[in-house]
Amino acid sequence: MKTLIRNGTVVSATGRVQADVLIDGETIAAVLAPGSRLLGADLASGVDRVIDATGKYVIPGGIDAHTHMQLPFGGTAASDTFETGTRAAAWGGTTTIIDFAVQSYGQRVFDGLAAWHEKAAGNCAIDYAFHQIIGDLNADSLQAMDGLLAEGVSSFKLFMAYPGVFYSDDAQILKAMQKSAETGLMTMMHAENGPAIDVLVGQLLAEGKTDPYYHGVARAWQLEEEATHRAIMLADLTGAPLYVVHVSAKQAVAQIAAARGTGQNVFGETCPQYLYLSLEENLGAPGFEGAKWVCSTPLRSRAEGHQDHLWQSLRTNDLQLVSTDHCPFCMKGQKDLGLGDFSKIPNGIGSVEHRLDLLYQGVVTGRISLERWVEITSTTPARMFGLYGKKGVIQPGADADIVVYDPDGHTSIGYGTDEFGEPTGRSHHMNMDHSAWEGYEIDGHVDVVLSRGKVVIEGNSYLGAKGDGRFVKRGLSQYLI
Ligand code: URP
Ligand code: ZN
Ligand code: ZN
Ligand code: ZN
């Protein structure tokens, strides 16, 4: 099967050019100026399908480096399965996810990894890879980490938060970082001071402060800054490459920027929710509605200026990329577990379908360039996590994971209900009974999505199938200094 994407503007992290993209099977065969001939023949000759991209951007498929399909959390599990979540990702122009395999407390690392393969295998619409959560950092786990790279898992996540669940103390973190330095595996850190947060949570609840808003009060920015600093110091001491996940506080960004300024291999990710949403407007919504936006790290105060600072940090490369931390829970039967006690609201927001659209608004408003949009949504995630060459770039030999994006199109995102709760006909494809992004109107539209050469989205149709997506083994990070 040969496909030609004709007359589009091919955008990469380093520039944009008018070009035709020839795809042979699952792979990009050529990127040539429009009208070019190949072996004396018109590019379109012998091609099975031509996609006209006139007036549109042709970009490498999005890579969402932080998702949690089917994650067990707080007595329930994230509502998107690998099937529903990866299909929703495809609708939004994401062609690869890196999900977090979980080693639970008391479980062996490779049993956790095997369980994740079982959940995902044969179910995904797009390609997928795994990071490994180490939830029980003992001698056996440290030994198992030696074998992760051979399994195509080149990064692991530790938690300075959630005591009694995923939490690692400083002694455990130090040992894991020594292993990270030795093996080259990327240490990913959930940087919030969990024991201190738990004290504040207990005090707030005892004062009768039980609304979702207090989730944000308990998880104060000082506790994100402090943990980020501590992680950076331990990484500096051990030589471990460090990637701080879901950064939301401007003070945490400053810690990352300072470490990067010394040449340390420290990186930071933020998420669309921290760029757009806030403690006041969202977590502070009336009644229990704020539960829709309970996630950790929490949404931050707009009055304190975190959102603007995060946008600026994406521009200056103090932060390197944007993932969603997609971890959806329905209001009914899931988020409502925390009615009367914010600490029992499952943590997470669903955005896997909207990342490219939401970030593109940064191009529309002049906060980031078109090239930077491609870089932070695709090329850097590929380099950061050892996928570059195959993913994250449109060039001969790369997987034909490609999005045709229409800058003149329009996308209404949200669950699609009017003020009376009646469906309005527009909807997302994530398995959620609400949207954290209700009412967002997007300049731009994902028109066509190809996953390894197969058209999976075309206009308003899904043309893919469960099981199209394959597990991708990753190598070591290609982003280290
Ligand atoms: O609230 C969040 N972020 N839920 C997912 C788990 C995590 O810590 O990333
Ligand atoms: Zn986390
Ligand atoms: Zn997460
Ligand atoms: Zn369109």
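Here are some questions and answers about the strands, helices and ligand shell of this predicted model.

Q: What is the strand order of the open sheet of eight strands?
A: Let's begin with the edges of this sheet. Strands E8 (62-67) and E17 (321-322) each pair on one side only, and the pairing in the sheet is parallel. Going from one edge to the other, the order is E8-E11-E12-E13-E14-E15-E16-E17.

Q: Which residue in E17 stands opposite threonine 270?
A: Strand E16 covers residues 266-270 and pairs with E17 in the parallel sense. Two bridges make up this pairing. Opposite threonine 270, in E17, stands valine 322.

Q: Which helix lies across E8, E15, E16 and E17?
A: E8 and E17 are the edge strands of the open sheet. The helix that lies across them, and across E15 (242-244) and E16 too, runs at about 65° to E8. It spans residues 370-384 and is helix H13.

Q: What angle does the direction of helix H2 make with that of E11?
A: Helix H2, residues 109-120, also packs on the sheet. There it touches strand E11 (94-103) and strand E12 (127-134). Its direction and that of E11 make an angle of about 140°.

Q: Are H12 and H13 roughly parallel or roughly antiparallel to each other?
A: The axes of helix H12 (residues 355-364) and H13 come within 9 Å and cross at roughly 150°. Angles over 145 degrees count as roughly antiparallel. H12 and H13 are therefore roughly antiparallel.

Q: How many charged residues does the contact of H12 with H13 have?
A: On the H12 side the contact is made by Arg355, Leu356, Leu359, Tyr360, Gly362 and Val363, and on the H13 side by Leu370, Trp373, Ile376 and Thr377. Seven of these residues are nonpolar and two are polar. Arg counts as charged, and the number of charged residues is one.

Q: Why are H4 and H7 described as oblique to each other?
A: Helix H4 (residues 170-183) and helix H7 (residues 221-238) have axes that come within 9 Å and cross at roughly 45°. Angles under 35 degrees would count as roughly parallel, and 65 to 115 as roughly perpendicular. The crossing of H4 and H7 is therefore oblique.

Q: How many nonpolar residues does the contact of H4 with H7 have?
A: H4 passes H7 in a right-handed crossing. Ile173, Leu174, Met177, Gln178 and Ala181 of H4 meet Leu234, Ala235 and Thr238 of H7. With two polar and no charged residues in this contact, the nonpolar count is six.

Q: Which residue in E18 is the bridge partner of valine 58?
A: Strand E7 (residues 57-60) is joined to strand E1 (residues 2-11) by two bridges in a parallel run, and valine 58 is the partner of valine 10 there. E7 also pairs with strand E18 (residues 402-412), in the antiparallel sense over four bridges. In E18, the partner of valine 58 is valine 404.

Q: Which residue takes a positive phi in the hairpin of E2 and E3?
A: Strands E2 (residues 16-24) and E3 (residues 27-32) pair in the antiparallel sense over five bridges, with leucine 22 opposite alanine 30. Two residues lie between the strands. The residue with a positive phi, near 65°, is glycine 25.

Q: Which charged residue is around ligand 1?
A: The shell around ligand 1 divides into two nonpolar, six polar and one charged. Its residues are His68, His190, His246, Cys295, Ser296, Asp325, Cys327, Asn347 and Gly348. Asp counts as charged, which points to Asp325.

Terms used: Residues numbered from 1 in each chain as written. Chains lettered and ligands numbered in written order. Predicted model: local features only at pLDDT ≥ 70, side-chain atom pairs only at ≥ 80, totals over all residues. Near = placed C-beta within 6 Å. Axes fitted to C-alpha atoms, helices over the stretch in contact; angles between N-to-C directions. Left-handed = near helix turned anticlockwise from the far one by under 90°. Contact = placed C-beta atoms within 7 Å. Pairing = 2+ DSSP bridges.
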